Structures are given as C-alpha cells and as structure tokens.
Amino acid sequence: MSSNSYRNGSSIGRGGGGGAMKLENHSSKYSPSSSSKSKVQPTASSSTSLRRSSTGSSRDDSTVSRRVRVAVRLRPRNAEEMVADADFADCVESQPELKRLKLRKNNWDSDTYEFDEVLTEFASQKRVYEVVAKPVVESVLEGYNGTVMAYGQTGTGKTYTLGRLGEEDAADRGIMLRAMEDILAEVSPENDLVSVSYLQLYMETVQDLLNPTNDSISIVEDPKSGDVSLPGATLVEIRDHKSFKELLQLGEAHRFAANTKLNTESSRSHAILMVHIKRSVKGRNSSLSSENGSMALMGKTLKPPVVRKSKLVIVDLAGSERIDKSGSEGHTLEEAKSINLSLSALGKCINALAENSAHVPVRDSKLTRLLRDSFGGTARTSLVITIGPSPRHRGETSSTIMFGQRAMKVENMVKIKEEFDYKSLSRRLEIQLDKLIAEHERQQKAFQDEIERMALEAQKRISEVELSYADALEKEKLRCQKDYLESVKRLEEQWKEKQEKHGHGKVKLGPSDDGIEQKSNRVPPVLFAPGEVAEIKQKLHNEILLRKAAEAEIDNLKSQLIHWKQTEAARNAELLKVRKMLEDEVCQKAKLEEEIEMLQSQLLQISFEADESRRNLDRGMGGNTPSSMESLMPEVKHQQLRDSGDGEKASVVKLFEQVGLHKILSLLESEDADVRIHAVKVVANLAAEESNQEKIVEAGGLTSLLTLLRSSNDETVHRVAAGAIANLAMNETNQELIMSQGGISLLSLTAAKAQDPQTLRMVAGAIANLCGNDKLQAKLRAEGGVRALLGMVGCRHPDVLAQVARGIANFAKCESRASSQGTKSGRSVLIEDGALPWIVQNANNEASPIRRHIELALCHLAQHEINAKEMINGGALWELVRISRDCSREDIRALALRILKSSPSFQAELKRLRVDYG
Ligand code: ADP
Ligand code: MG
C-alpha cells in the first residue's frame, strides 16, 4: 500500500498517513485564524495565495484576508450503488479526523488530499451546516458578504446539502433553511431588514424563481464599488421562518416548471439564493465611526445612522460532470457549450485565482459575474464539494476534488459592507425640523397670547384708573357742593344773627312810640336795610364767582401742569440731544485739531524740502548766487513770492504763528531727533523772514539755536541751525547777542566738525555777517572768528569761498572804517592773521561772487598805507593794478585806481618796477 504526495509538493507520509505525522485534530468550526495553524495544508500555506502572502493579515479593522474554505462531503451509497458496486470498495476513503480524503487509484495506490473539513457519509445535516455554512452566516450577520456554494457531480447531494426542506424529517433541513433560521434569530425585526431573491441561471439567462414571467434579469455592476446587483429580481422581505420555507417551495416549483418548459433538468441549471441583510449599527461597533474622523466631529443628532448591508449567496451549482458533447441528452452542441459555459468559466476563474494569475476572466460568464465577490472578492466564501463513493465515477470525483483543491488557494479580502444611511438621517432631521417648526409655532402663539393678555390687562387697568378717577372726581364734587351748601347755611345763619341783632338795635334805638312798638312786634322784623341785603347778596355772588374762578384756576393749573410736564420732558430730550451733539462736536474738534497738527507738520516738511531742492537748483545754476549779505535769505523770499500764487503754501509763516513760536522753539529741545530737525527747519525758515527775526530772538530762539549747535551731533541740525543763525546775524543787536553767547566759538567748532560744504557755507555766512559789525571787530578776532573763517577756505567749495570772501570784505571794510576814524592803529588783522596769501590767490577767482568780495577787500586794505608793504610783498599790488584795469564794476575799478595813485608806497614800487601809473 502506498500513497502519493500532494500536488503542490508538500508531501505527507506515505503508507496511508497512519502514524507518520501527528496532525492536530481541529474543532468542527473553523475560525479565521485556523488557516495559519501549523497543520499540513499544502494548498493554503503555499505562497500561491492570491492577494496577501500571509493569511489573516488585515488591511484595516474591517478588511481581513481570508481564504476560501472548502469542505468535502461524501454521499452514502444509494440503493443502486449498494447493488451495482456491491463487489467494489468505495473509490474514496475519508479520514475526517485528519481532514483528509483518499482517492483510490486502484487497489494499491491512492492520492491523499487535505481539505478544511472532511464530511463522511455519516455527517449529519446539522454538522454540515455548522461546519460549512454557520461561520459564513455569522460573518454575514456581522456585515460581511458571504457565499456558500455546492459543487459536484449530479446526484452527489448538492441540493440535499443546501436546499433540503426536511419536511418529513426536520433533521434533514439543509443549509438554506438553517441559515435563515440563524439569521432570523439574530436580527431585530424593528431595525433590521431581511429580504430574499431566488434565481436560476440557465444557458446564460437569469430567471426569477419567485416570479417566473421575469425570465431575463440583467446583472448590474457598480463601476466604483464593483458590487453586483440584480435590480430586476423580485425581492421578498422575510419576517419568519415559515414564509421563507414557503418561498423556497415556491421557487422549487417554479424551477421545476421552468425546467420542464425548457426541456432540461435542474441539474443543468444553477440555483442562486440571495439573502440581503440590512442592519443598523449601534455606536462604536461601526467601523465607519473610527474610519472617518470628520464624522466624529458631527453632532450626535447629525450623525447619520450607520447601516451594514450584507448579502448571503447560496449557490446550488449545476452538475459538474461533463455533458456529452455529442448531445446525447438531447442538446445541440451550441446548447451543450452554453449549458456548461458558466461552470467552466468558474473553473477558469478559480484556476486563475489559485495560480495568482494577472487576468481573472470574471466577465466570461454570468455565473462568474454574479460570483465575482465570492471568489477573489470581499466575501467570506465556503465551498462544499460533494462526491459519491462509486468507483464508476472516479474520474468525475477526481475532477471535483481537484476543483476543491484549487478553490482552497483562492484568497478573498473580506471587507465589511457598511455605509451611512443618509436617507434615514434625512428622515430623522426632517422629523427634528418638524418638531422645531411646531415648537416655534407654539412659542410664537404663546408670545402673541401673552401680548394680548398684557394688552387686555393694561386696558383693564386703564379703565379701572379712569373709573376711580371719575369716582374721586365725583366725591370731590360732592364735597365741594357740601362745602358750598354749608357755607351758604353759615351765611344764612350769620344773616339771621345779624338780622336779629339789627332788630334789637332798632328796638333800642327806635322811638318809644307804642304804636310803632306794636307794629314792629307783629310784622316780621326787617333786620337789614335793603342796601345791606343787596350788599350781602352781592358778597355771596362775589363769593360764588370767586369760587368758580378758583375752580377754573385749578383746572387751568392742572392742564398747565400737564403741559409743563410734557414740555419739560421734551426739553430734557432736547437737552440730551444737544449734550450729545456737544460731545460729538468736542470729539470732532479734537480730531480736526489732530488733523491740523498733522497737516501742519506735513506742510512744514514739504515747504522745507521745497526750499532745499530749490537751493540745490540755484546752486546748480552757479554764478547766480547773490553777492550781498542777503545771500542766505533769498530762498525764503523766493518761496514766498512763488507761494503767494499758490494759496496753499502762501501762509506757511502764518501757520507757524498759529502753532505758536514758543511751541516751535520748545520743540528744538525735544527728545525726539526727528522733531528737533523739523523744528529747527521751521525756525530757519522763519528766521529767513526779516519780520520774524525779532520775535524769534525775543522768544529766546537764538539761544536755543546756539544751544542746539552745542548739544547736537547731527550735521543737518548744525547746517540748518547755522543757517538760521546766519539769517539772524544780519541784525546788529543779534550779532552782539551771538557774540555775547559764545556764538563764535560754537560756529568755529561747528565748522571744524562739518563734512557738508553747505554747513560750512552757513557757518561762514554767519561769521561773515558778524564781520560786518564795527563794534565786534576786536572780539571777533580775539575769539578766533577770523581764523575760523580763514580755516574754511580749505573746503574749496565756491559757495563756502564766496561766504569767506564776503566775511573778509566785511571785516576789511570795518577795519578800514576804524582806521580812518582813528580807532584802530597798526596793520590789518587780516594781514596779521595770514589771510593775505589766500586773498591774493583768489583775487581773480573765476567765480564772480568770490572775486568781487576779494577785490573789495583788497581795496579796503590798500587804503591804509600801513598795510602797503605787506601787500606789495604778498603780490597784492599786481592784483590792485588788474582791478584798476579789468574789474567789471566801475566803482571798484575807480577806487583801485585812486588808491594806486594816492599811495606813496605803491607809487614808489610801481616806479621802481617802471610801471607807469601816474
Ligand atoms: P445533486 O443536487 O447533487 O444532483 P441530490 O441532492 O439531488 O444531488 O442527491 C441525489 C440523491 O442523493 C437524492 O435522492 C438525495 O436524497 C440523496 N442524497 C444525497 N446526499 C445524501 C446524504 N448525505 N445522505 C442521504 N442521502 C443523500
Ligand atoms: Mg441538485
């Protein structure tokens, strides 16, 4: 006795596998993890598994790789076989405890195959259900798709296994009934839905077994999910077991009728039962709630309920035996091909899947299309292959076994079918919305009612008040009437009293005439004289009138009071309004002031920048620089001229006046450097205007500017401040002030530090102005003013040189005046301080402002004989000669000539040099 090895190379011991290997004995139920158990499982553990190399690995919580489970069921010998095969042994031998099946080749040789379950001829229907279908049913109830399928030769017990109704013997019930029993026991009739369709597939036509007229149902595939559905199939909701059984019976009857009509046997068709289950999922059982984070953010009420839709497909396949191609069963060849088309396509697909082939011909047949999810799809699939024991059908049995072996290699990605039930969410939300609408309406109604109630109450109160008011009025009226009556009564009493008194008096006063006495006793006594009565009446009338007037007055006052109250309220409102307006105005004013300040500073900036740029422009034009002491002033004058046509800028100076000189000057000491610069620019602009100069000095501006020269390190500040000082230094009083406040040393220091020629120009301009003051000559020299001035010639900038020349000319003029007046003796300070060489050198400078000042200075110096010698030695004589001949200004030319002629030293020198200058 020998045994063969498995096809896939992993062999087990020969000799019938008796005790060669110890294999585990498995429980009848297989679990998802059982596929990875160490038992010898040639097909399952081989590397050919389709989707994942390791079974049981999971993609996510709801996706698990699971192999198609295959059980083999051996039918007991039937009556015929008992007789016919009596002398033969069965062609198969089952070893259920080893889960093996031996297929005898002959008396001495057999192949051994291993299955997930081996069900012997004695296996009960219950056990078969539990082993083959129950795990699938459980999966389906959890939300996975599931397939249970029977494959095998006709007569081997497929229908017995799946569709038996067990009417005579309940223990015979097949998988369909038992599955439905389990399903119905598990689902909740309120929340879940179980519905069934029952179909037959024959010659590539899908027929509805629940509605035979519906005999061409099309298969629809969802291109996205790949889900297959049969929208045309009748779907019957199942609520109890009995109705399902009836449905199966009905289906069976229709199948029989259809097959009769088509002249075929049921073994040639596939019967497909589809059980659709839709279950609602509670809370965190749902895989979607963890899958989709954003869903977790949704409010509780907004979260759509999650439903799991799953499908259990139970397929009773057509007989697997090859039908005779010759058509012995009465079929044409075409028919024969078509009959088995679906089954052979299924075989091809399973082969492709088992071999992990790239192409799986799913679309080749309707069956494979319908079962696309069952093999290589997402369903949990269990296949039972049925075989008979007869050696006469060894070939068919063998091919069935091989089909089962291959199917064991097919791996599915079991995936939970879960989705959000938006329809029911929408329903729920609609209900909620309706509730809210109703609630809203209720509240609105209640609100209106409340308002009505309040209005009524108010009305009631008003009428009550009116009533009580009328009441009070009535009472008051009554009281007044009573008072009136009382006072009338009192008056009457008084009247009577008076009358009586009067009467007595009369008696007393009357004459003692008896006759008259008698008479007076008889007739009612006339107490008052008619005049008196009239008087009293008049009084009464007056009283009444007065009372009426008082009443009218009261009414009047009352109405006035009301009027006043109203007026007062109106006035209060008015007052409030006015106050508010006032506040707004104040606010607005503050804003405007701010704005004005801002505009002012902007304007200052603009005007100063305009000055600067024009100054630069003027400088660029050269030669146009004014030669007089006014040379530092014209900018502003030009500006004003120009600005006067330009409304906006015209009143810059006025604007400063508004801002206040003191304020501007105080800004010179500001902490903020920018503010300081702006302020000094403003002051400089103001100082350019003669009319402002006095005010500036009075306000301490000059001191501030000098302080700024001392304290600031900013050259711009120096430049602008020096410019301002220069402008202020045009006035004699100011010049003295500058000197007395140490201005010269400050200006000298500024000149020493300056980098910018314009700073030097300003400083030189200031000193030049000081040089023009007769009183300051000595001090100016003593404090280094002259030296500072001469020191600046190093700069060579014509603007600077022009100012230096102007200073020298000014100084020489004053000196000359002093010498003439006899207040000065000795040589010129300029000569003493060494200015002569520069003077001579620049006497014929091409820049006319420089030239002119120096020419003047030379003339001033030459006027005094005491300077002559130095001048001759320094070469100044020749310059004088040139001036006397070439100077463009006639007066200077004449002056030079006169000096040359009148000076004995010059004359002598000229004579010595034989220059005729007679
Ligand atoms: P198939 O559907 O594969 O053509 P059936 O289910 O119609 O085969 O079975 C053929 C016959 O065999 C039936 O009479 C059935 O009662 C009988 N049969 C099948 N399997 C068994 C079994 N396990 N035990 C007893 N009888 C069986
Ligand atoms: Mg059958």
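These are my notebook entries on contacts, charges and backbone angles in one structure.

**Set-up**

I am working with a predicted model, where local features need pLDDT of at least 70, side-chain atom pairs count only at pLDDT 80 or more, and totals for chains, interfaces and linings use all residues. Residues are numbered from 1 along each chain as its sequence is written, chains are lettered from A and ligands numbered from 1 in the order in which they are written, and side-chain values use heavy atoms, with hydrogens and water left out.

I took helices (H or I, at least four residues) and strands (E, at least two) as DSSP runs, numbered from the N terminus. For burial I used relative accessible area: buried is under 20%, exposed is over 50%, and partly exposed is in between (1.4 Å probe, protein chains only).

**Entry 1: salt bridges**

I searched the whole structure and got 40 salt bridges. The criterion is a side-chain nitrogen of Lys or Arg within 4 Å of a carboxyl oxygen of Asp or Glu.

I looked up aspartate 483 first. Its salt-bridge partner is arginine 479, with the closest N and O atoms 3.3 Å apart. Both sit in helix α12; they are four residues apart, so about one helical turn separates them. Aspartate 483 is partly exposed, at 35% relative accessible area. Arginine 479 is partly exposed too, at 43%.

Next came helix α14, which covers residues 530-621. Lysine 589 and glutamate 593 form a salt bridge there, 3.9 Å from N to O. The spacing is again four residues, which means about one helical turn. Lysine 589 has 52% relative accessible area, so I logged it as exposed. Glutamate 593 has 43%, so it went down as partly exposed.

Then I checked lysine 775. Its side chain meets that of glutamate 732 in a salt bridge of 3.6 Å, N to O. This pair links distant parts of the chain, 43 residues apart. Lysine 775 is in the loop between α24 (757-771) and α25 (777-782), while glutamate 732 is in helix α22 (residues 732-740). Lysine 775 counts as exposed because its relative accessibility is 60%. Glutamate 732 is partly exposed at 45%.

I also noted a network of salt bridges: it links Glu221, Arg363, Arg369 and Arg372.

**Entry 2: a negative patch**

Which residues gather in a patch of negative charge on the surface? I found Glu492, Glu493, Glu497 and Glu500. A patch takes residues with over 30% relative accessible area and no salt bridge, and joins like charges within 9 Å. The place of a Glu charge is taken as CD.

I followed up glutamate 497. It belongs to helix α12, residues 422-509. Its relative accessibility is 48%, so it counts as partly exposed.

**Entry 3: strand β17**

I picked two residues from this strand. Serine 382 lies in β17, which spans residues 380-387. Is serine 382 buried or exposed? It is buried, with a relative accessible area of 1%. Its side chain reaches the backbone oxygen of valine 132 at 2.7 Å.

Threonine 386 is also placed in strand β17. It is buried, at 1% relative accessible area. Its side chain makes a polar contact with the side chain of threonine 156 at 2.7 Å. A polar contact is a pair of N or O atoms within 3.5 Å; within protein, one must be able to donate a hydrogen and the other to accept it, and residues adjacent in sequence count only if both atoms are side-chain atoms.

**Entry 4: glutamine 803**

I placed glutamine 803 in helix α27, residues 798-821. It is buried, with a relative accessible area of 3%. I then looked at alanine 768: 35 residues separate it from glutamine 803 in sequence, and the C-alpha to C-alpha distance is 6.4 Å.

**Entry 5: positive phi**

Most residues other than glycine have a negative phi. I looked up two with a positive value.

Methionine 203 has a phi of about 50° and is not a glycine. It is in the loop between β10 (193-202) and β11 (205-208). Its relative accessibility is 27%, so it counts as partly exposed.

Arginine 796 has a phi near 70°. I found it in the loop between α26 (785-791) and α27. It counts as exposed because its relative accessibility is 66%.

Technical notes. Patches are made of residues with over 30% relative accessible area and no salt bridge: like charges are joined within 9 Å, nonpolar side chains (Val, Leu, Ile, Met, Phe, Trp, Tyr) within 5 Å. Accessible areas come from the Shrake-Rupley method with a 1.4 Å probe; for residues, only the protein chains shown count as cover. Lys and Arg count as positive and Asp and Glu as negative; His and the chain ends are not counted.
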